[in-house]
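Subject: Structure handover and notes

Dear colleague,

I am passing on the structure we spoke about, with the sequence and the model shown directly below. Please look it over before reading the notes that come after.

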Amino acid sequence: MNNFASLLQSIARMSDAERHELLVYLQRSGDLSFPTDSIEEPHPAYGSPLRHLTRDEFFEFQEQSAMTYEYINGIIRAMSGPTVAHCLITQNLFRVVDARLRGGPCYAFCTGGQLNLTLGDDEIVYHPDLYVSCDRGVWDERGIPNPRFVVEVLSPSTQPIDRREKLVNYCRVPSLEEYVIARQDRAELAVYRRGMSWSQELVSDPAATVEFRSLDVTVSLASVYEEVTFNPKR
Amino acid sequence: MLKIEEIHHALRLLDLEERERVAGWLEGYQDEEIGVPIGVAEPSAVQAVDPPPYMTEEEYLEFEENSPIRHEYVNGTVYAMSGASLAHNRIVTRLYKALERRLRRGPCEVFIQDLKLKLSPGHDKFWYYPDLMVSCDRSGWDKKWITNPRLVIEVLSASTKHIDRREKATTYRRIDTIDEYVIVAQHSRQVTIQRREDNWVPQVVSGPEAIAEFRSVNASVPLTEVYENIFE
């Protein structure tokens with residue numbers, strides 16, 4: 001067994017308190033740049049980042065933090081930075097959607113802002129890549145509760161969340177009419193619509209167009225993926 | 001087993017990438033896949049048949065009948081399950097034995113791994129394969145699945161931890177029969193119990209003396225029993 005393996009095995013047997021101490025030791029030992037997928041140093045008031053936070057505590061935590069986090073029923077997760085392809089897809093979509101919505105009651109968000117959702121007993125804060133809300137009366141400092149249209153661009157790390165958990169939770173939002181999942185490893189959009197009992201329309205023909213009925217917008221797949229170079233490894 | 005000073009020394013010898021892996025792991029849920037040499041690494045999901053991305057429930061059940069590997073179903077989305085690690089399997093087996101022994105004389109039955117759980121909260125449709133379930137009411141038992149567990153236990157793996165901690169935690173609390181949801185760490189002695197009666201606020205159980213109380217079925221199991229010989 002090599003040193004690294006025996007080290008990990010020893011850590012695996014430590015108590016939580018010992019691990020926390022070890023983490024502090026590691027953080028103090030310098031030049032660690034923390035991976036974006038994990039949680040940065042939490043505000044001391046919150047102790048371990050694993051602590052279950054109420055939604056109020058979460059908002060307070062997020063305010064003190066330089067990063068953005070998702071929240072679902074007490075659990076928080078830091079968002080990682082997007083890839084170039086991810087940005088291109090989001091921005092291509094935003095341009096079309098925003099141009100169409102100008103002058104109307106609806107507003108498209110693609111950077112910043114967040115959805116603050118209460119679904120039955122479930123409390124959720126998500127940061128979709130693109131979303132549209134049409135009723136400004138209920139917008140709030142803590143986020144927007146009433147999206148009509150949401151797009152998530154898939155990344156390897158969020159794929160099961162976007163395809164499973166978010167499909168369920170977005171479809172539970174009463175105001176939501178359409179949920180779109182965009183792949184970044186190839187040109188493919190999956191559109192889920194309330195009017196079709198949330199069944200899936202898959203669009204992958206490069207010559208095809210896709211209709212966002214809730215916004216009365218039609219886009220070509222080619223324009224959504226304009227300038228995107230596909231990385232075969234993803 | 002290394003002493004703390006030895007661990008510090010070993011950490012200083014690591015290169016930056018390795019230190020980040022350890023730090024990320026310590027910060028996460030202690031279940032990050034970092035190649036801890038206890039148990040066998042989980043194989044990636046090998047899909048014998050590439051399922052179409054969207055299916056009705058009927059299509060899913062038929063597809064499952066003919067598939068060599070298991071899939072979960074979430075509102076039309078079909079997801080292949082990867083095989084479990086050795087440690088995962090051993091923990092599940094220990095939990096099964098522990099619960100089975102304690103519940104043998106009562107009406108409750110412990111179900112393990114290969115049984116489907118069908119859930120339909122609101123308009124949503126889920127078909128899951130929980131690691132362990134306890135159900136005490138035969139009216140919710142079908143030939144190939146059950147619908148009414150009281151207790152559900154998932155042993156975490158790196159590949160499913162987001163699903164277990166986020167999606168399933170959210171789904172299970174929407175099911176009236178489920179009173180308790182338990183997440184069991186694979187790489188450390190730690191059990192997280194969420195109970196309806198506590199408004200699902202998690203109780204984290206860890207430490208050498210700790211006992212996991214499965215209150216929904218009135219059974220208590222010491223962690224030494226859950227993790228017996230796992231880390232040796």
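The notes below go through the chains, the sheets, the helices and the cores in turn.

This is a predicted model, in which local features need pLDDT of at least 70 and side-chain atom pairs count only at pLDDT 80 or more, whereas totals for chains, interfaces and linings use all residues. Residues are numbered from 1 along each chain as its sequence is written, while chains are lettered from A and ligands numbered from 1 in the order in which they are written.

Chain A has an average pLDDT (the predictor's confidence in each residue, from 0 to 100) of 84, and 84% of its residues score at least 70. Residues 30-49 of chain A call for caution, since pLDDT stays under 50 there, and the model has 37 contacts for them beyond four places in sequence; two residues are in contact if their C-beta atoms, placed from the backbone, lie within 7 Å. Chain A contains 6 helices and 12 strands, which are DSSP runs numbered from the N terminus (H or I of at least four residues for helices, E of at least two for strands). Of its 234 residues, 35% count as buried, a residue being buried if 20 or more other C-beta atoms lie within 10 Å of its own, exposed if 12 or fewer, and partly exposed in between, with C-beta atoms placed from the backbone.

In chain A, 6 strands make up an open sheet of mixed pairing, in the order β3-β6-β7-β8-β9-β10, where two strands pair if DSSP finds at least two bridges between them. Because β3 (107-109) and β10 (200-203) of chain A each have a single partner strand, one side of each is left without a neighbour in the sheet. Strands β7 (residues 147-153) and β8 (residues 178-182) of chain A run parallel and are joined by 5 bridges, and V151(A) has V180(A) as its bridge partner in β8(A). Helix α5 (residues 159-171) of chain A packs on this sheet, touching β7, β8 and β9 (189-193) of chain A, and its direction makes about 165° with that of β8(A); axes are lines fitted to C-alpha atoms, for helices over the stretch in contact, and angles run from 0 to 180 degrees between N-to-C directions. The helix α5(A) also lies across β1 and β2 of chain B, running at about 150° to β2(B).

Chain B has an open sheet of 5 strands with mixed pairing, in the order β2-β1-β5-β4-β7, and its edge strands, β2 (77-80) and β7 (145-146), each pair on one side only. Within chain B, β1 (residues 71-74) and β5 (residues 126-128) pair in the antiparallel sense over 2 bridges, with V74(B) opposite F126(B). Helix α5 (residues 161-172) of chain B is mostly covered, as 12 of its 12 residues are buried.

The largest nonpolar core (a set of buried Ala, Val, Leu, Ile, Met, Phe, Trp, Tyr and Cys residues joined through C-beta atoms within 7 Å) has 91 residues, and among the members that touch the most others are A182(A), I91(B) and V184(B). Helix α4 (residues 86-103) of chain B supplies the largest share of this core, 6 residues. Apart from this core lies another, of 8 residues, among them I11(A), A12(A), L22(A) and V22(B).

Best regards
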